[in-house]
Structures are given as structure tokens and as C-alpha cells.
Amino acid sequence: MPLKSYEHCCSSCIALANLGKIEGVIPILHGPQACAFGNQIGSMFCRPSRLLTIGTTLKKSEVIFGGEGKLKEQIINVYNQYKPKIIVIINTCVPQLIGEDMKGVIMEVKEEIPELKVTFCETGFNQPKSTPLGNDVSWRAIVDVLEPQEMVKGSVGIVGRAGQDADSMGCLTSLLREAGITTYAFPAGHLDEMAKIVKAEFLCPIHLVPYLTCKRLNERFGSKTHYFEMPVGVEGTSNYMRSVAELTGNQNLKDIVDREEKKAFPRLEMIREQFRKKPVRALLITGPANETSMGKILAEFGAEVIIVPSMRNQFARQEQDILKKRYGSRVTFHEDDFNKVSNLVELYKPDVVFGDFQARVEIIRDLIPCFINENYLNEYGYDYALDFGENFFETLKEPVFDEWKDIMHQYGEA
């Protein structure tokens, strides 16, 4: 699929936002000054303000003759000044294009500072899947330098998508730990907590994105990955939890799921009744890999959803099969190429669009509500879905759009 105008966010930006959330990690953006500035500004909405934005700010001469010396100098300076547990080089398009030797630079630095842990992730040329791949390659880079720890028998590691997930896994980990299952969360707010993921016997990813991360954990530490489905919505969360219970032989977790469902079902039925009275067709455009998870929640409510998937890995294929089997014709996956979001709007005639910022620009003339994907992250567990459903029609602001449509119909051609 060629680069689209709405896929504006490069994977270097996402990697910077991810890594900058983790205490003990300092990322170095290896690229030209414009790249460093653009990614700093682009990542500010989803990272802590205290994040050090350190870069090599390559000049024209260094693009021609190489910037490996500058990178090595910057790594040593950062280590001497801040003593991070891990330094991650975010290798952007320009140094990848000229063939910078990251492994060689790291070997030279480690000869001078043997105790330093430094790794790198390749973030250039990852379009059109830039947002999710920026997550996955940055976490895989962290896994590459984690130290082995003794595996805990029967333990579960839940592996998430983005840096934002570090603050949103409690809705899942609290239930697992209540059941008595030793649980590790990745990512987490501090590197020491994240590093415990190597102790997990089973990895149970909660999103489509961390395929490469899970694969590297399997290779390095002998854990076993079991992708069940995304724990989003009521049914998805229950099925995920019951699958973990079966995997670990834990009856307590099954009982906890039964309890949570009894609380959730009355609210879910009220939401479904709203959607029966007011049918909704939602178009979910390629975003930070939440187009499938949000579409899954809406389909459970009874909406018709058209999903433009951003991922093609094994987890994504499994999830698509689950949704097709569970919701049938209510779910459509648009796999074909297209030029603009507005073209898909003309094709599917949606009532609401979940898209990137550019999508809103393209469809505002049609007075269709447009939700920005980045504002609907952390979609796990029972409560998120139920709160989202109960407030959906109020958030939609349909009376405002309907009034504008009436005005345009009456005066637009005057």
C-alpha cells in the first residue's frame, strides 16, 4: 500500500513517545535536525514533558561522509551525564539510507564502557504501518538487552501495544492477580518493572501490535506466546480471561469472570437497545492499530462496522477470523487500496468515522462526526467499553450535525 496523506505519523515519532515514557530508558534520535524537531513536537501529545529529546542532528556533510562518530560521542555523553539503565538509538530514515553501521558503533562504545546497555531500533521506511510498527520495534529493542531471570512456573505476561498501555493494564492485571496468577505487564512505567516480563512462562498479548516483541521474548527467554483475542468489549474480555484461566488451570479466574459479567450484562443490554433504536454504520480507518479493537467494541453493541486494518501479522489475521465468525455481515474489512478517506465515505456512507487527523479535514464538508483514533487508546476491559457505549450518542453530537445539515440544505445553494 503506498503512503497516504493521512498516515502522517512516522514510526520514529511513535518510538520516541514510547521509550520516553519509561523511567530508566533514554532514547537518542539518530537523524537530521529537522527529523529530531519534528518528532519532538509530534510526540509531545503522548509523552511526559520531562522527556529528554536527545539527537545527533546530522548535518549535510555527515549525511555524505557518515555520522557514526557523532552518534558514538552522543551515546558516551548521555551515559556520563544521566547514567540510564538502557540507551536506545532510534535509527531514522537518513542514516538507514546511507547505511550507518549501528552494530559497529555499539561494539565500539561497549569496549569503552562495558557496563553500558545500548541497543537500537530501525524506524525508517516503515510506512504505511508506521504507527504500530514504531511501537513494536521499540519494544523489541528493549527486549534485546534485558537480562535473563528465573522463569516463574504458571506465570502470565500481558504484552501491550503502546507507551500509553503502561497506564491502562490495571483493568486486566487486577483480575488476574485477584485470581492468584503471577502476572507481569509489558510495557510498564519503569524499566525494572518491564524487565520482569522475562520471568513469564506464558505471554498473552492483548493487542495486534506486539508480534515482533513476543517473538523475540520467545527466542531469548523461552516463554510461549498464546494469542487468544484482544480483551476489548465484554465478550472479548471474558473470552480472553477464560482462555488464560484454561491455560493456567485457574478456576478462581473463571469465577471472577462470571462475577464481572453479571455486573456488565445489564449495562451492555441497555447499550444494545440504544443501537437498535438508532442503527450506526461506523468506518474505522487505519490508525494506531486500534481500528480493529474499536470496531470490535462497536460490533458487539450492534453497529455495522467497516474496518481498514493497519496490521497484517499473525495476530491480526487471527482477530479478523474471530470477528468474522462472531459478527458475520456486521463486520467488513476493507483490504483494497484507496486514494482518500473521502472516497471510502462515498463508498460506505458511514454515520461516523474513526480516523486520523487528515480524515477529519477530508470529511468535515459532509458534516459527518469524526473521532480521532489517537484519542481512543487504552480500550481494554469491561469498563472502557461500557462507558464508551453509554456515552456514544452524546459524544456523537448528532443534533449539532443535523442542524447544520438543515441549514446547508436550506441556504447552501442560495
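1. A residue is called buried under 20% relative accessible area, exposed over 50%, and partly exposed in between. In this predicted model, Ile407 has a relative accessible area of 34% and is therefore partly exposed. The residue belongs to helix H19, which covers residues 398-411, and together with Val400, Trp404, Met408 and Tyr411 it forms a nonpolar patch on the surface, for which the accessible area adds up to about 520 Å².

2. The parallel pairing of strands S3 and S4 deserves a remark. Strand S3, residues 86-91, runs parallel to S4 and is joined to it over 5 bridges, and one of the positions that can be checked is Asn91, whose bridge partner in S4 is Glu122. Strand S4 itself spans residues 118-122, and because 4 of its 5 residues are buried, the strand is largely enclosed by the rest of the structure.

3. An open sheet is built from 4 strands in the order S6-S5-S7-S8, with parallel pairing. Because S6 and strand S8 (224-225) stand at the edges and have a single partner strand each, one side of each is left without a neighbour in the sheet. Within this sheet, strand S5 (residues 152-159) and strand S7 (residues 200-203) pair in the parallel sense over 3 bridges, and Gly157 has Leu203 as its bridge partner in S7.

4. Three places in the backbone should be looked at with care, since most residues other than glycine have a negative phi, and most peptide bonds are trans. The peptide bond between Phe186 and Pro187 is cis, with omega at about 10 degrees, and Pro187 lies in the loop that runs between strand S6 (183-186) and helix H9 (191-194).

5. Lys349, which is not a glycine, has a positive phi near 50 degrees, and its place is the loop between helix H15 (341-348) and strand S12 (352-355). With a relative accessibility of 54%, Lys349 is classed as exposed.

6. A positive phi is also found at Leu367, where the value is about 55 degrees although the residue is not a glycine. Leu367 sits in the loop between helix H16 (357-363) and strand S13 (370-372), and, with a relative accessible area of 16%, Leu367 is buried. The two residues with positive phi should thus be read separately, as Lys349 counts as exposed and Leu367 as buried.

7. Gly20 is placed in the loop between helix H1 (11-19) and strand S1 (25-30), and its relative accessible area of 12% makes it a buried residue. Although Gly20 and Gly189 are 169 residues apart along the chain, their C-alpha atoms are separated by 10.0 Å.

8. The last point concerns Ser293, a residue of helix H13, which covers residues 291-301. Ser293 is buried, with a relative accessibility of 0%, and its side chain makes a polar contact of 3.5 Å with the side chain of His207. When neighbours within four places in sequence are left aside, the residues in contact with Ser293 are His207, Met230, Val232 and Glu379, so that His207 appears both in this list and as the partner in the polar contact.

How values were computed: Residues are numbered from 1 along each chain as its sequence is written. This is a predicted model: local features need pLDDT of at least 70, side-chain atom pairs count only at pLDDT 80 or more; totals for chains, interfaces and linings use all residues. Side-chain values use heavy atoms; hydrogens and water are left out. Patches are made of residues with over 30% relative accessible area and no salt bridge: like charges are joined within 9 Å, nonpolar side chains (Val, Leu, Ile, Met, Phe, Trp, Tyr) within 5 Å. Accessible areas come from the Shrake-Rupley method with a 1.4 Å probe; for residues, only the protein chains shown count as cover. A salt bridge is a side-chain nitrogen of Lys or Arg within 4 Å of a carboxyl oxygen of Asp or Glu. Helices (H or I, at least four residues) and strands (E, at least two) are DSSP runs, numbered from the N terminus. Buried means under 20% relative accessible area, exposed over 50%, partly exposed in between (1.4 Å probe, protein chains only). Two strands pair if DSSP finds at least two bridges between them. A polar contact is a pair of N or O atoms within 3.5 Å; within protein, one must be able to donate a hydrogen and the other to accept it, and residues adjacent in sequence count only if both atoms are side-chain atoms. Contact means heavy atoms within 4.5 Å.
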